[in-house]
Amino acid sequence: MTELTNPKSPRVKAARRLTKRAFRDRDRAFLAEGPQAVREALALPGVTVELFATAEAETRHADIVGAAVSAGVPVFRASGEVMAELAQTVTPQGLMAVCKFVHVPLSSVEETRLVAVLAHVRDPGNAGTVLRTADAAGADAVVFTDASVDPYNGKCVRASAGSLFHLPVVTGLPVDKAVAELKDRGLRILAADGTGTATLDDVDLAAPTAWVFGNEAWGLPPEVLALADEVVRVPIYGRAESLNLATAAAVCLYASARVLRQI
């Protein structure tokens, strides 16, 4: 196994530059940090390009390193200084993979009974958590529209907790085109927004549905709300002013999933 001790070496610098979106787009590659993300990346054949592991992580996560070796993925033993250069967390867990982009065109997604559409979602932690929630709720795809954060942002990848590698992720579509294609497939478009006149208790969820979620601070703009078949708000029964984006998305997606699983 090749040992890397110089944080300024060409290989380390090539990986480190993937923290910048321009380089990710150019190289069509991104960083997956931590054992959960790396394990799920390795489960998809051909996605992981190379793996950096500290000596401690090699021992602690021997199964993951072994899976990389078995898959023919180059593994490099990284010093603490090298891992600190690559990591985007305060306390790195000692594993970092360079991965190929995994997103797909919406046209390639075969099953679309439940879809999450992120429109104008800028916070990567929120976006990654919605992706994780959609995966847990059994959604068929998550669409990151062109006005939303990059799903390959390091914080978004970490917040997804491996779900980025579990279900189809679509990127770069304008929200109107995404909605139009989903409507053509027969999906009902529900916009989750605090301005909705209907509440989640009022709507019939027994049909294929695409939920559109917006920016946590200011919600969905009027032109996006106008694209929806209905604007729906999550009812607040207590005294809280509102729910954050990820929590509201979880409530909406699970409400749909529960009904659709009974059909």
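**View A. Both Phe 30 and Phe 101 are buried, as seen in this close-up of an aromatic contact.** Here buried denotes under 20% relative accessible area, exposed over 50%, and partly exposed the range in between, with a 1.4 Å probe and protein chains only. The model is predicted: local features need pLDDT of at least 70 and side-chain atom pairs count only at pLDDT 80 or more, whereas totals for chains, interfaces and linings use all residues. Residues are numbered from 1 along each chain as its sequence is written, and side-chain values use heavy atoms, with hydrogens and water left out. The structure contains six aromatic pairs (rings of Phe, Tyr and Trp, the last by its six-membered ring, with centres within 6.5 Å; stacked if the planes are under 30 degrees apart, edge-to-face if over 60, and tilted for the rest). One of them joins Phe 30 to Phe 101 in a tilted arrangement, with 6.4 Å centre to centre and 40° between the planes. Distant parts of the chain are linked by this pair, since Phe 30 belongs to strand 2 (residues 29–33) and Phe 101 to the loop between strand 5 (95–100) and strand 6 (114–118), 71 residues apart. Helices (H or I, at least four residues) and strands (E, at least two) are DSSP runs, numbered from the N terminus.

**View B. Phe 30 and Phe 165 form a stacked aromatic pair.** The ring centres of Phe 30 and Phe 165 are 6.0 Å apart, and the angle between their planes is 20°. This contact too links distant parts of the chain: Phe 30 is in strand 2, and Phe 165 is in the loop between helix 8 (154–160) and strand 8 (169–173), 135 residues apart. Phe 30 counts as buried because its relative accessible area is 0%. Phe 165 is likewise buried, at a relative accessible area of 6%. Through ring pairs, Phe 30, Phe 101, Tyr 152 and Phe 165 are joined into a cluster.

**View C. Arg 26 and Asp 27 meet through their side chains in a salt bridge.** The N to O distance in this contact is 3.3 Å, where a salt bridge is a side-chain nitrogen of Lys or Arg within 4 Å of a carboxyl oxygen of Asp or Glu. Arg 26 counts as exposed because its relative accessibility is 53%, whereas Asp 27, at 31%, counts as partly exposed. By this rule the model has 13 salt bridges. Elsewhere, a network of salt bridges links Arg 21, Arg 24, Asp 25 and Asp 150.

**View D. Asp 229 and Lys 183 are joined by a salt bridge of 3.9 Å, N to O.** Distant parts of the chain are linked by the pair: Asp 229 lies in the loop between helix 10 (222–225) and strand 12 (230–233), and Lys 183 in helix 9 (residues 175–184), 46 residues apart. Asp 229 is partly exposed at 45% relative accessibility, as is Lys 183 at 36%.

**View E. Glu 230 and Arg 188 form a salt bridge between two strands.** The closest N and O atoms of Glu 230 and Arg 188 are 2.6 Å apart. Glu 230 is in strand 12 and Arg 188 in strand 9 (residues 188–192), so that the pair, 42 residues apart, links distant parts of the chain. Glu 230 is partly exposed, with 24% relative accessibility, and Arg 188 is partly exposed with a relative accessible area of 24%.

**View F. Ile 236, Leu 243 and Val 251 make a nonpolar surface patch of about 190 Å².** Patches consist of residues with over 30% relative accessible area and no salt bridge, like charges being joined within 9 Å and nonpolar side chains (Val, Leu, Ile, Met, Phe, Trp, Tyr) within 5 Å. Areas come from the Shrake-Rupley method with a 1.4 Å probe, and for residues only the protein chains shown count as cover. Ile 236 is in the loop between strand 12 and helix 11 (245–260). At 34% relative accessibility, Ile 236 is partly exposed.

**View G. His 120 has a positive phi, near 65°, in a residue other than glycine.** His 120 is located in the loop between strand 6 and helix 7 (124–136). With a relative accessible area of 19%, His 120 is buried. Ala 161 also has a positive phi, near 55°, and is located in the loop between helix 8 and strand 8.
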